[in-house]
Amino acid sequence: MAFSLWLAFFGASVLLAIAPGPDNLFVLMQSAVFGVRAGMIVVLGLATGLLLQTLAAALGIAAVVAAVPALFWAIKCLGAAYLLWLAWQAWTHAKDAARGHDAVKLSGLALWRRGVVMNITNPKVQIFFL
């Protein structure tokens, strides 16, 4: 690999790594509201998503996604729709909290599942693996 290409890849990787994404914000929110355990379960879900992304790249699925722009666009749209759904959930739960209702605590499985889905549909991760 040419040094200039390596340098560009390294620079892009650093920028992607330091830019907080929705997954980082979700971990922080869950940890602040429900404690360290909830945040760690989300982190396990995100790590599982990374494992699945790595497996997809190793099996050549990432190359298929890179070769079919419509497929990558569909994954990005699914990710955006999922983030909108999470925002809607946060909005409605914030209204409940304002009315004096307690915040809804998600189960460990639900937190893990959200972490996996957030990672799989995250365009930053997709771009890095592609």
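**Notebook: aromatic ring pairs**

Counting ring pairs with centres within 6.5 Å, I arrived at three aromatic pairs. The model I am working from is a predicted one, and I keep that in mind for each entry below.

I began with phenylalanine 3 and tryptophan 6, whose ring centres lie 5.9 Å apart with the planes at 25°; because planes under 30 degrees apart count as stacked, I entered this pair as stacked. Looking up where the two sit in the chain, I found both in helix 1 (residues 3-18), where being three residues apart separates them by about one helical turn. For accessibility, I noted that phenylalanine 3 is exposed at a relative accessible area of 60%, while tryptophan 6, at 42%, counts as partly exposed.

I then turned to tyrosine 82 and tryptophan 85, and wrote down a centre separation of 5.9 Å and an angle of 25° between the planes, so this pair is stacked as well. Their setting is helix 5 (residues 69-98), in which the two are three residues apart and therefore separated by about one helical turn. Checking the burial of each partner, I recorded tyrosine 82 as buried, since its relative accessibility is 15% and the cut-off for buried is under 20%, whereas tryptophan 85 is partly exposed with a relative accessible area of 40%.

Last, I asked which residues the ring pairs link into a cluster. I found that Phe3, Trp6 and Phe10 are joined in this way, and so I filed the stacked pair of phenylalanine 3 and tryptophan 6 together with that cluster.

Methods. Residues are numbered from 1 along each chain as its sequence is written. This is a predicted model: local features need pLDDT of at least 70, side-chain atom pairs count only at pLDDT 80 or more; totals for chains, interfaces and linings use all residues. Side-chain values use heavy atoms; hydrogens and water are left out. Rings of Phe, Tyr and Trp (its six-membered ring) pair if their centres lie within 6.5 Å; planes under 30 degrees apart count as stacked, over 60 as edge-to-face and the rest as tilted. Helices (H or I, at least four residues) and strands (E, at least two) are DSSP runs, numbered from the N terminus. Buried means under 20% relative accessible area, exposed over 50%, partly exposed in between (1.4 Å probe, protein chains only).
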